[in-house]
Amino acid sequence: MNEEKLLLHLQNLEARFEEVALLITDPSVIADDKRFVRLSKEYRRLEELHQAHEEYNRLKLNRQEAMELLNGTDDEEMKALAKEEIAFADEQCPQLQEKIALLLLPDDPEDGKNAIMEIRAGTGGDEAALFARDLFKMYTRFVEGLGWRVEVSSYTEGTLGGYKEIVFSVTGDNAYGTLKYESGVHRVQRVPETEAQGRIHTSAATVAVFPEADEFDVEIKESDLRIDTFCSSGAGGQSVNTTYSAVRIVHVPTGITVQSQDERSQLKNKAKALTELRSRIYNLEHQKYLDEVASRRKTMVSTGDRSAKIRTYNYPQGRLTDHRIGLTLYNLQAVLDGDLKPIIDALSVTENSERLQEAALS
């Protein structure tokens, strides 16, 4: 997007920014939860654009004044200062233009939502379940490092520990937008704890990430639900809670089944299960959008395709490889300790580059 087109677009958005700023203070808008949430999100995005626009104008004005000073003085010290100001503006303006161009791209409306994550052990038996546990610990450390919250809804343990399956929610600003890149097959190459011969085995676990649906995103009829209660259990089916606090819900029209057993209160488990159910139903529609993205882009950075092998964790070499963008890092332990930011940042940059190319061609 050229500078003239960019600035024209920004000027048009300034009027909308002022309009939305007034709307979110209107009592009738505040009373309408759905509209208020939508407008509040739009306001935050427009505010960021407004601030970037002001910064860009300030840089251009400073450059113009520096040029006038450079051409209107014989003072060598003042000329040197003016040249520094011009050089700074020439360096910063293109970077700010790119930032604004990215901000002008239409948001994925799901990015700002909380996330539901599901990790399932794949090929590899007990070792896959142990790897699923390690992935859960990795995500927990990453999420908690951001000051976000993890809540487990349900899990099934493997015979030697780990998880055959674990489902949990992540609550935090832009949680889904950050974690969506993790969907897919994660492969591990290491010597299993159970391997006496020291041979390297390859196992896998599948990660699914989808946006947590708001209550007004999906309407669920009570008549469409079959709800069962049972005692929550630990490893080997041992009873952990002697009351029927765990809840299993089947959505009859879609056949989707969810359960929550992590809370001692049946009501809290039901609420968590309903949140997951709502999100899974919502995700059926969201997947159509992801499939459309995948059909346009080559890297499939954030398609949510569960069958795609996205990453390999090689313990003997201390190596991590993300196959979508050809990224290889030799700091595996740091990643497992929750240092996912360099990987997610690289994936985000790739996706944004693709989106900018699409916008330029459209």
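Reader: Is Arg-324 buried or exposed?

Author: This is a predicted model, in which local features need pLDDT of at least 70 and side-chain atom pairs count only at pLDDT 80 or more, while totals for chains, interfaces and linings use all residues. Residues are numbered from 1 along each chain as its sequence is written, and side-chain values use heavy atoms, with hydrogens and water left out. Buried means under 20% relative accessible area, exposed over 50%, and partly exposed in between (1.4 Å probe, protein chains only). Since the relative accessible area of Arg-324 is 12%, this residue is buried.

Reader: Which residue meets Arg-324 in a salt bridge?

Author: A salt bridge is a side-chain nitrogen of Lys or Arg within 4 Å of a carboxyl oxygen of Asp or Glu. Side chains of opposite charge can pair when their charged atoms come close. The partner is buried, with a relative accessible area of 0%. At 2.7 Å, N to O, the side chain that meets Arg-324 is that of Asp-322.

Reader: How many residues apart in sequence are the parts that Asp-90 and Arg-63 tie together?

Author: Helices (H or I, at least four residues) and strands (E, at least two) are DSSP runs, numbered from the N terminus. Asp-90 and Arg-63 form one of the 19 salt bridges in the structure, and their closest N and O atoms are 2.6 Å apart. Asp-90 belongs to helix 4 and Arg-63 to helix 3 (residues 33-72), so the parts they tie together are separated in sequence by 27 residues.

Reader: What is the relative accessible area of Arg-63?

Author: Asp-90 is partly exposed at 38%. Arg-63 is partly exposed too, and its relative accessible area is 25%.

Reader: Which residue forms a salt bridge with Lys-180?

Author: The N to O distance in this salt bridge between Lys-180 and Glu-351 is 3.7 Å. Lys-180 lies in the loop between helix 6 and strand 4 (184-190), and its partner, 171 residues apart from it, lies in helix 9. Both side chains belong to buried residues, and the partner of Lys-180 is Glu-351.

Reader: How far apart are the end C-alpha atoms of helix 4?

Author: The expected span of a helix is 1.5 Å times one less than its number of residues. Helix 4 (residues 76-104) has 29 residues and should therefore span 42 Å. This agrees with the distance between its end C-alpha atoms, 41 Å.

Reader: Which residue caps the N-terminal end of helix 4?

Author: A polar contact is a pair of N or O atoms within 3.5 Å; within protein, one must be able to donate a hydrogen and the other to accept it, and residues adjacent in sequence count only if both atoms are side-chain atoms. Here the backbone nitrogen of Glu-77 lies 2.9 Å from a side-chain oxygen of the capping residue, Asp-75.

Reader: Which helix supplies the largest share of the largest nonpolar core?

Author: A nonpolar core is a set of buried Ala, Val, Leu, Ile, Met, Phe, Trp, Tyr and Cys residues joined through side-chain atoms within 4.5 Å. The largest one has 35 residues, and those touching the most other members include Ile-119, Phe-168 and Val-170. Elements that each supply at least two residues include strand 1 (115-121), strand 3 (163-171) and helix 9 (341-361). The largest share, eight residues, comes from helix 5.

Reader: How many residues of helix 5 are buried?

Author: Helix 5 has 20 residues and reaches 29 Å from its first C-alpha to its last, close to the expected 28 Å. Asp-134 has its place in this helix and is buried, with a relative accessible area of 13%. Helix 5 is mostly covered, and the number of its residues that are buried is 14.

Reader: Which residue in strand 8 is the bridge partner of Arg-248?

Author: Two strands pair if DSSP finds at least two bridges between them. Strand 7 (residues 246-251) and strand 8 run antiparallel and are joined by five bridges. Four of the five residues of strand 8 (residues 256-260) are buried, so this strand is largely enclosed by the rest of the structure. Within strand 8, the bridge partner of Arg-248 is Gln-259.

Reader: What percentage of the residues in the protein chain is buried?

Author: The secondary structure of the chain comes to nine helices and eleven strands. Of its 362 residues, the buried share is 43%.
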